[in-house]
Amino acid sequence: MATTEIITVQRRRKYHWPEAQLNFWLVIMIIASSVVLGIFAFLTSVQNTLKLGIPWILPYMITTSALMIIFIIIMLGLISQQQLLPGVVVLGSFILFVLWLTGLIETSIQLYGPSGAVNSYCGSRPNTQVIDSQQTAAWLANSAICVDWRTAFAFEIVGTIFLLWMMVMAYQVNRDDFD
């Protein structure tokens, strides 16, 4: 009696990611996420210390930055197993792009928006005729908070642009457009 043997061959497609660009993207996004996470955690701490209300943007950006760091850790795990799929990267990058863009818009409103915005308090100078240590400390704290908001805004711009770039790069990897 003859037996028939069926052999199935599974061939997995290998995606070739540009190593230098991918590593550069990972480093910049880790830095941007960490800076934004740290700044908004600090601002939340300041708001709690002063017993003021916490604007929704602070916990929102803390969560968004933490999600970005988790996404990067997942990407690193997939990279180490050589299983980083462009579809997963496009989907994750798009979701995070929307979250970061929302945070960027709200941060710009908080920073440069109508009267009462953070930036409207940033130009105040202490009275030069009478400068005591308490007034100087208040001015330094105010100045530091202004710098923190501006830094967070700048890193949110960088993060948003880099997420858009990652979507384009993943699309190019899927099409095998890299040399």
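Here is a short walk through three residues of this predicted model: lysine 51, glutamine 82 and arginine 150.

Let's start with lysine 51. You will find lysine 51 in the loop between α1, residues 19-49, and α2, residues 57-80. Its backbone is worth a look on your screen: phi is positive, at about 55°, although lysine 51 is not a glycine. As for its surroundings, lysine 51 has a relative accessibility of 74%, so it counts as exposed, the cut-off for that label being over 50%.

Moving along the chain, the next stop is glutamine 82. This residue sits in the loop between α2 and α3, the latter covering residues 86-112. Here again the backbone has a positive phi in a residue other than glycine, with a value near 55°. Glutamine 82 is exposed because its relative accessibility is 60%.

Now let's turn from the loops to a helix. Arginine 150 belongs to helix α4, which runs over residues 133-175. Is arginine 150 buried, exposed or partly exposed? With a relative accessible area of 37%, arginine 150 is partly exposed, because that class lies between the limits of 20% for buried and 50% for exposed.

Which residues does arginine 150 touch, once those up to four places away in sequence are set aside? The contacts are Leu111, Tyr112, Asn119 and Cys122. If you would like to follow one of these partners, pick asparagine 119: along the chain, this residue and arginine 150 are 31 residues apart, while their C-alpha atoms are separated by 8.7 Å.

Definitions and conventions: Residues are numbered from 1 along each chain as its sequence is written. This is a predicted model: local features need pLDDT of at least 70, side-chain atom pairs count only at pLDDT 80 or more; totals for chains, interfaces and linings use all residues. Side-chain values use heavy atoms; hydrogens and water are left out. Helices (H or I, at least four residues) and strands (E, at least two) are DSSP runs, numbered from the N terminus. Buried means under 20% relative accessible area, exposed over 50%, partly exposed in between (1.4 Å probe, protein chains only). Contact means heavy atoms within 4.5 Å.
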